[in-house]
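Q: Please take a close look at one strand and its surroundings, and then place that part in the wider architecture of the chain.

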Amino acid sequence: MLRTHTCGELRLSHVGQEVTLCGWVQTLRDKGHMIWVDLRDRYGITQLICQEGVTPPELIRQVQGLGREYVIQVRGCVVERVSKNEHIPTGDIEVQVQACTLLNTSQTPPFLVADTTDGGEELRMQYRYLDLRRAPLQANLLLRHQVMQHTRAYLAQHQFLEIETPLLIKSTPEGARDFVVPSRMHPKHFYALPQSPQLFKQLLMVAGVDRYYQLARCFRDEDLRADRQPEFTQIDCEMAFATPQDIQHMTEGLIEYIFSHIHPRAALQPFRHMTYTEAMQRYGTDKPDLRFDLSFVELTPHVQAQGCPLLDTAELVLGMRIPACAHYTRKQLDALAAFVKQPDVGASGLIYVKYDTQGHLKSSVDKFYTPQQLLAWMQTMQAVQGDLVLLLAGDPMSTRQAMGKLRLQLGDDLGLRDKSQWVPVWIVDFPLVEWDTATGRYQSLHHPFTAPQIADIPLLHTEPTRVRAHAYDLVINGFEIGGGSIRIHQRQLQEQILGLLGLDKQEADQQFGFFMEALDHGAPPHGGIAFGLDRLCALLKGEEAIRPFIAFPKNNAGRDVMAQAPAPIAAEQLHTLGIKM
């Protein structure tokens, strides 16, 4: 090795030792008679010192010529620092430089390579290799590595086999658009990149591998946002002869194992269960943040037929009680009203009722309702003096979703979303299908291979939207960490579900013939779950975006601005592939 120690390793116990370090120059401070250099590698920072009268003049001149991000090797003696730095582990020592070798120069970096940088996200993504030198991103890569290692350790202890599945597969409908790959050897034919290993992990169950897992790369051509990437990694698991409770118990053990190693003192609360219907009715979302108690109450029959246009014409009126917030000012209420009218929230307006500490009621709809009527609202909402009640009205789905977004906004405003707490909940009893008005057919809420609950199978012929799926999502702090289901393991039922989704037998055989045939060869009952590794890492760090936890992510437009992908390809390549643009 070119070094004897790393830049995060030296302590007072090393004083007097001669060491050799390698790394990047982070800062250089030249006081004339004394020069300090902060030398950085992924393990930390060590301060180097050159002193007039101690360091040879030619060595001082050499060090003075160093620039930011130059790569150097230094040899020197560890000494105790006079002015210690309690903010870094090596802050008690410094290295008296005796020799310096320049390993490589560097252009002036386009942004400050430090914990706090002056570079915008797009610029830092363009120079991702520089951004990754910063300690926060180094810590993110380490966290991701640790989560992967702990996952492997836990699942290996529970007899899971790590098995890779193909990346070049047949295009099959799974919800999102496929990325496709042309085949040179088979003109006019295409592979698809897998949206998930779904069919292959089920085939492994048919093959007798009763416990499988994979840190699987997945690809989906869909619109992006902060928590979505066109390529991402799943912790993918499948179990044969297992009930939903078996899979959930295994999952809880895995999450607890990871948390116990990453956050030994983490306040991971017990895993709850909540039906999809309850989550939507109380929180307006199937991924509720349960770190705080704000929930909804339906007020429709209590507020209508009193001449208020917004409420009288609404299919649904929801109220939410905000404890001890009757002091909200008009400015604060106007800000909330503006928030709910944003296009991505979609409410038509906000109604408020203040129930002050003196028992007085003040509302934005005072002219339509008497104090006695408003007091009845408060009683229905179980509001007490000092509370604020907010109302939204409209069609059921959009009103619940808008109130859910308002709830999260208030959670942030009131400091209720404590990043030191983790509150997991299993969301169960999802609908199996929903009607898609755009396509004029039913769509799976999860995927076409999700089994319906046995008691609801007769409803497939009469009321498909009432059929509950054998599916379960794990939500922590308002983020869907993973989702899974019991799978269909009998061909007849699988054909029935595909037919419900609009695929006749011929189309089903064309799309899934190899899989349907496998179900005829003794497919066992089985089910599984998949976690978003990137999302789990972000959650463990208290972040919302997943990009900081991916070494080389894409931007919001799906572009790699560093490698300039996607990009046109040469005409000769297109000709070889038999493609005309």
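**Strand 9 and its setting**

A: In this predicted model, strand 9 (residues 211-219) has 7 of its 9 residues buried, so the strand is largely enclosed by the rest of the structure. Its pairing can be followed on two partners. With strand 10 (residues 231-240), strand 9 pairs in the antiparallel sense over 9 bridges, and within this pairing Arg211 stands opposite Met239 of strand 10. With strand 6 (residues 161-162), by contrast, strand 9 runs parallel, and 2 bridges join them; here Leu161 has Tyr212 of strand 9 as its bridge partner. In general, the strands of a sheet pair through backbone hydrogen bonds, in either a parallel or an antiparallel sense.

Turning from the strand to the nonpolar interior, the largest nonpolar core has 64 residues, and Val147 and Leu536 are those with the most contacts inside it. The largest share of this core, 8 residues, is contributed by helix 6 (residues 244-262). Leaving aside neighbours within four places in sequence, Val147 is in contact with Ile258 and Ile262, and also with Leu533, Leu536, Cys537 and Leu540. A second core, separate from that one, has 25 residues, among them Phe296, Ile322, Val345 and Leu406. As a general tendency in soluble globular proteins, nonpolar side chains are buried together.

Elsewhere in the chain, 5 strands close into a barrel in the order 1-2-3-5-4, with mixed pairing, and the twist from one strand to the next averages 55°. Within the barrel, strand 1 (residues 18-30) and strand 4 (residues 71-80) run antiparallel and are joined by 7 bridges, with Gly23 standing opposite Ile72 of strand 4. Helix 1 (residues 57-64) lies across strand 1, strand 2 (34-41), strand 3 (44-51) and strand 5 (93-104), and runs at about 70° to strand 5.

A pair of helices completes the survey. Helix 13 (residues 491-500) packs against helix 14 (residues 505-519) at an angle of about 155°, their axes being 11 Å apart; the two helices are therefore roughly antiparallel to each other, since angles over 145 degrees count as such. Their crossing is right-handed. Helix 13 contributes Arg491, Gln494, Glu495 and Leu498 to the contact, while the residues of helix 14 that take part are Lys505, Ala508, Asp509, Phe512, Phe515, Met516, Glu517 and Leu519.

How values were computed:
Residues are numbered from 1 along each chain as its sequence is written. This is a predicted model: local features need pLDDT of at least 70, side-chain atom pairs count only at pLDDT 80 or more; totals for chains, interfaces and linings use all residues. Side-chain values use heavy atoms; hydrogens and water are left out. A nonpolar core is a set of buried Ala, Val, Leu, Ile, Met, Phe, Trp, Tyr and Cys residues joined through side-chain atoms within 4.5 Å. Buried means under 20% relative accessible area, exposed over 50%, partly exposed in between (1.4 Å probe, protein chains only). Helices (H or I, at least four residues) and strands (E, at least two) are DSSP runs, numbered from the N terminus. Contact means heavy atoms within 4.5 Å. Two strands pair if DSSP finds at least two bridges between them. Axes are lines fitted to C-alpha atoms, for helices over the stretch in contact, and angles run from 0 to 180 degrees between N-to-C directions. Angles under 35 degrees count as roughly parallel, over 145 as roughly antiparallel, 65 to 115 as roughly perpendicular and the rest as oblique. A crossing is left-handed if the near helix is turned anticlockwise from the far one by less than a right angle, and right-handed if clockwise.
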